[in-house]
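Here is a friendly walk through one model, meant to be read with the structure open beside you. Take your time and turn the view as you go.

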Amino acid sequence: MTTTLWAVADLHAAVKANGPKIEAIQPSDPSDWLIVAGDVAEKFDLIVRVMAELAGRFDTVIWAPGNHELFSRSADRYRGREKYAALVQAMRELGVHTPEDTYPVFDGVTVVPLFTLYDYSFRGAGMSVDEAVSAAREKNIMMTDEFAIAPFVDVRAWCWDRLAYTTRRLSRIEGPTILVNHWPLVQEPIMRMRWSEVALWCGTRHTRGWARRYNARAVVYGHLHMPGVTTVDGIEHIEVSLGYPREWQGTPRPTAWPYPVMEAGA
Ligand SMILES: [Fe+2]
C-alpha cells in the first residue's frame, strides 16, 4: 500500500452537521499522514477532543491554528497568546506536530505548519488600519476576530512576531517543502471573495514570496471557505476547507476532500 499525505481545514466541529464529515476523515492506509490547517473549533476542550480522535486514526498529524482556535471570552481560562501556548502543549501531549516543533519530513519533503495570523495589510491603498476597519464596520462587515481575538492581544504585533520567528526557521530548511497555514499566503484567492473588506482579516502581504523562496511543492491553507486550487508563480495554493453546512451542502467541490497532497514514492 502507498502512504498518502492528506489535508483538511475548517472542520468547525461545534456545528453538529459537520460531525459525519469529521467522522469520514479516515486513512486509506494506517501509515497515512493528516494535515489539519486550522479552525477545528473554538472551545479548548472540543479542539483537543477532535484532534485526539484524528491523532488516533493517522500515523502522523500536523496542526496549524486558525482564528477560531484563538477565539476567547474575557472569562475564559486562556486568552490570546496564552491560549495558543496551551493548545500547543495539548497537541504535543497528543503527539501532534505544531508550528513550534521540529518539522516532520514526508518522503523527503519537509511539511511546515505555519502560524502567521493577519495584520490588516490586505487593505485599500492609502488607508490606515483604523480607516479600513471603520469602513468595513460601516458596511456591517466585521469578523468575529474583532471581538474574540483583538481585545486580548495586539494582533498586528503578534503577526509580526510570528513572521520573524517563522522566516528564521524556514530559512534553515534544506530541500522541498509543503507550507501549511490557516490563512492564505497570497492575495489571489482572497480577491475572489464577495466582500472585499473581509480581506483585512485574511492574512498578511508579507508572506507573498514565501512559496517560491522556501521551495514549496505546494501550499495548503483554509480560512476562506472557498475550496479550490490557485496557481501562483507555478506553485499550487490549495484551499482544503470544509466550512459550514450551508457552504458544503449541495455545492459540488472542485477538489477531493480530504485532499491528497502527495503520495510517498510518487
Ligand atoms: Fe473557518
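Which residues of β5 point one way, and which the other way? On one side are Val109, Val111 and Pro113, and on the other Thr110 and Val112; all are buried. Please keep in mind that this is a predicted model.

**The sheet around β5**

The burial of β5 covers the strand from end to end: five of the five residues in 109–113 are buried, so the strand is largely enclosed by the rest of the structure. To see where β5 sits, follow the sheet. It is an open sheet of six strands with mixed pairing, in the order β4-β5-β6-β7-β9-β8. Two strands stand at the edges, β4 (105–106) and β8 (228–232); each has a single partner strand, so one side of each is left without a neighbour in the sheet. As a reminder, strands of a sheet pair through backbone hydrogen bonds, in either the parallel or the antiparallel sense.

Start at the β4 edge. β4 and β5 run antiparallel and are joined by two bridges. Val105 has Thr110 as its bridge partner in β5. The two strands form a hairpin, with two residues between them.

On the next step, from β5 to β6, the pairing is parallel and extends over four bridges. Thr110 turns up again here, with Thr177 as its bridge partner in β6. Val111 is likewise partnered in β6, by Ile178.

Strand β6 (residues 177–180) in turn pairs with β7 (residues 216–221), again in the parallel sense and over four bridges. Leu179 stands opposite Val219 in β7, and the bridge partner of Val180 in β7 is Val220. How do the residues of β6 point, and are they buried or exposed? Thr177 and Leu179 point one way, Ile178 and Val180 point the other way, and all are buried.

The partners named along this path can be collected as follows.

| Residue | Partner | Strand of the partner |
|---|---|---|
| Val105 | Thr110 | β5 |
| Thr110 | Thr177 | β6 |
| Val111 | Ile178 | β6 |
| Leu179 | Val219 | β7 |
| Val180 | Val220 | β7 |

**The iron site**

Which residues coordinate the iron ion? The donors are Asp10 (OD), His12 (NE2), Asp39 (OD) and His225 (NE2), at 2.0 to 2.3 Å. Along the chain these donors follow the spacing D-x1-H-x26-D-x185-H. Why is the arrangement irregular? The four donor atoms subtend angles of 87 to 175° around the iron ion, and this makes the arrangement irregular. For a tetrahedral label, all angles would have to lie between 85 and 135 degrees. Two of the coordinating residues can also be placed by their accessibility: Asp10 counts as buried at 0% relative accessibility, and His12 is buried too, with a relative accessible area of 2%.

**Backbone details worth a look**

Now turn to the loops. Asp107 is found in the loop between β4 and β5, in the turn of the hairpin described above. Its phi is near 50°, a positive value in a residue other than glycine. Asp107 counts as partly exposed, at 42% relative accessibility.

Asn215 lies in the loop between α8 (210–213) and β7. Asn215 also has a positive phi in a residue other than glycine, near 60°. At 42% relative accessibility, Asn215 counts as partly exposed.

Another backbone feature is the peptide bond from Trp257 to Pro258, which is cis with omega near -10°. Pro258 belongs to the loop between α9 (245–248) and β10 (259–263).

**A look at Val129**

Finally, visit helix α5 (residues 129–138), where Val129 has its place. Is Val129 buried or exposed? Val129 is buried, with a relative accessible area of 13%. Leaving aside neighbours within four places in sequence, Val129 is in contact with Tyr120, Arg123 and Arg156. Thr102 makes a useful reference point: Val129 and Thr102 are 27 residues apart along the chain, and their C-alpha atoms are separated by 35 Å.

Terms used
Residues are numbered from 1 along each chain as its sequence is written. This is a predicted model: local features need pLDDT of at least 70, side-chain atom pairs count only at pLDDT 80 or more; totals for chains, interfaces and linings use all residues. Side-chain values use heavy atoms; hydrogens and water are left out. Two strands pair if DSSP finds at least two bridges between them. Donors are N, O and S atoms within 2.8 Å of the metal (3.2 Å for Na, K and Ca); water is not among the atoms, so sites may look incomplete. Four donors count as tetrahedral if all angles lie between 85 and 135 degrees; four count as square planar and six as octahedral if opposite donors are over 155 degrees apart and all others between 65 and 115; anything else is irregular. Buried means under 20% relative accessible area, exposed over 50%, partly exposed in between (1.4 Å probe, protein chains only). Contact means heavy atoms within 4.5 Å.
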